[in-house]
Amino acid sequence: MIHSNLPAVKNAIVCLVLLPRFLMAAVMFWLLDFLCIRKRVFFRMEQEGDAIDPPLCISDSNRLFSVESLKAVWHGHKLDFLKAAHLGHGAPNTEVVQLGDQRRSRILDYAKEKRPLILNFGSFVQQNADIADSIVVYIEEAHPSDGWMSTDAPYQIPKHQCLEDRLNAAQLMHLEVPGCQVVVDSMENSSSAAYGAFFDRLYILQEGRIVYQGDRGPEGYRISELRDWLSHYRQRMEKPSDLVIHV
């Protein structure tokens with residue numbers, strides 16, 4: 001009887017922990033539906049942000065405060081709280097599916113010896129290809145046409161009902177960035193859950209461990225942080241080792 005109640009107790013604890021931040025997000029969404037406030041907030045964020053980071057672009061026609069948006073926010077908060085990926089720890093080796101031959105593989109299959117592996121959930125970015133490898137992991141749609149729809153999205157894609165739907169949607173992204181390695185998450189959303197990747201997120205893995213963990217997107221999706229980490233890594237690689245000769 002005690003063991004059967006553990007999942008319910010766990011869910012209750014998660015809800016209590018997440019409720020304050022969820023309510024804050026809900027209030028913020030409600031305020032941002034007032035266009036005067038939205039324009040002010042986004043203008044300030046644009047002024048304070050790095051030019052390399054993707055701006056938050058939300059057209060006036062898109063409502064932020066809705067049942068579907070709140071469901072998505074709760075889902076993202078819950079995945080982030082329960083994720084298995086943590087800085088300095090081993091990287092979850094979850095299953096993904098390749099676009100071309102639809103072969104199933106695992107995240108760490110794309111890591112090469114001691115080279116950093118950029119794990120990119122959501123958007124595409126190619127940085128420092130000479131010292132690091134990168135893959136884009138296409139996950140569940142953040143703004144499906146039959147859910148929290150966004151008119152700013154380049155394509156109107158409904159929720160994925162099967163793996164074929166997800167592969168077809170990922171092909172659209174791959175056509176725009178043909179030079180990148182794109183894989184898709186399983187229909188169990190194992191990678192998205194393990195890495196807390198909804199809506200989008202950046203990681204760097206090296207030798208099976210997480211050496212960089214970005215915050216949850218979209219506001220925490222910082223290409224500038226990724227650039228800085230790789231820049232420091234390049235400096236360490238190029239720094240000549242001290243040679244001591246004993247006579």
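## Reading a predicted model, feature by feature

Modeller: Let's start on the surface: Val 9, Ile 13, Val 17, Phe 81 and Leu 82 make a nonpolar patch of about 400 Å². Keep in mind that this is a predicted model, where local features need pLDDT of at least 70, side-chain atom pairs count only at pLDDT 80 or more, and totals for chains, interfaces and linings use all residues. Residues are numbered from 1 along each chain as its sequence is written, and side-chain values use heavy atoms, with hydrogens and water left out.

Biologist: What are patches made of?

Modeller: Residues with over 30% relative accessible area and no salt bridge; nonpolar side chains (Val, Leu, Ile, Met, Phe, Trp, Tyr) are joined within 5 Å, like charges within 9 Å. A salt bridge means a side-chain nitrogen of Lys or Arg within 4 Å of a carboxyl oxygen of Asp or Glu. The areas come from the Shrake-Rupley method with a 1.4 Å probe, and for residues only the protein chains shown count as cover.

Biologist: Which helices each supply at least two residues of this nonpolar patch?

Modeller: Helix H1 (2–32) and helix H3 (67–82), with the largest share, 3 residues, coming from H1. Helices here are DSSP runs of H or I with at least four residues, strands are runs of E with at least two, and both are numbered from the N terminus.

Biologist: Val 9 sits in H1. Why does Val 9 count as partly exposed?

Modeller: Buried means under 20% relative accessible area, exposed over 50%, and partly exposed in between (1.4 Å probe, protein chains only). Val 9 counts as partly exposed because its relative accessibility is 43%.

Biologist: And His 160, buried or exposed?

Modeller: Buried, because its relative accessibility is 11%. You'll find His 160 in the loop between strand E4 (133–138) and helix H4 (163–176). Not counting residues up to four places away in sequence, His 160 touches several residues, including Ile 139, Glu 140, Asp 165 and Met 187; contact means heavy atoms within 4.5 Å.

Biologist: Which side chains make a polar contact with His 160?

Modeller: A polar contact is a pair of N or O atoms within 3.5 Å; within protein, one must be able to donate a hydrogen and the other to accept it, and residues adjacent in sequence count only if both atoms are side-chain atoms. His 160 has one with Tyr 138 at 3.2 Å and one with Arg 166 at 2.9 Å.

Biologist: How do I check a helix like H6 for its span?

Modeller: The expected span is 1.5 Å times one less than the number of residues. H6 (residues 223–238) has 16 residues and reaches 22 Å from its first C-alpha to its last, close to the 22 Å expected. Its buried residues include Leu 226, Trp 229 and Tyr 233, and among what covers the buried residues of H6 are strands E3 (117–121), E6 (201–206) and E7 (209–213).

Biologist: Where are the cis peptide bonds?

Modeller: One joins Phe 198 and Phe 199, with omega about 10°; Phe 199 is in the loop between helix H5 (190–195) and E6. Another joins Gly 217 and Pro 218, with omega about 5°, and Pro 218 lies in the loop between E7 and H6.

Biologist: Which residues have a positive phi although they are not glycines?

Modeller: Gln 102, at about 60°, and Asn 189, at about 55°. Asn 189 lies in the loop between strand E5 (182–185) and H5.

Biologist: How many helices and strands does the protein have?

Modeller: It has 6 helices and 7 strands, and buried residues make up 40% of its 247 residues.
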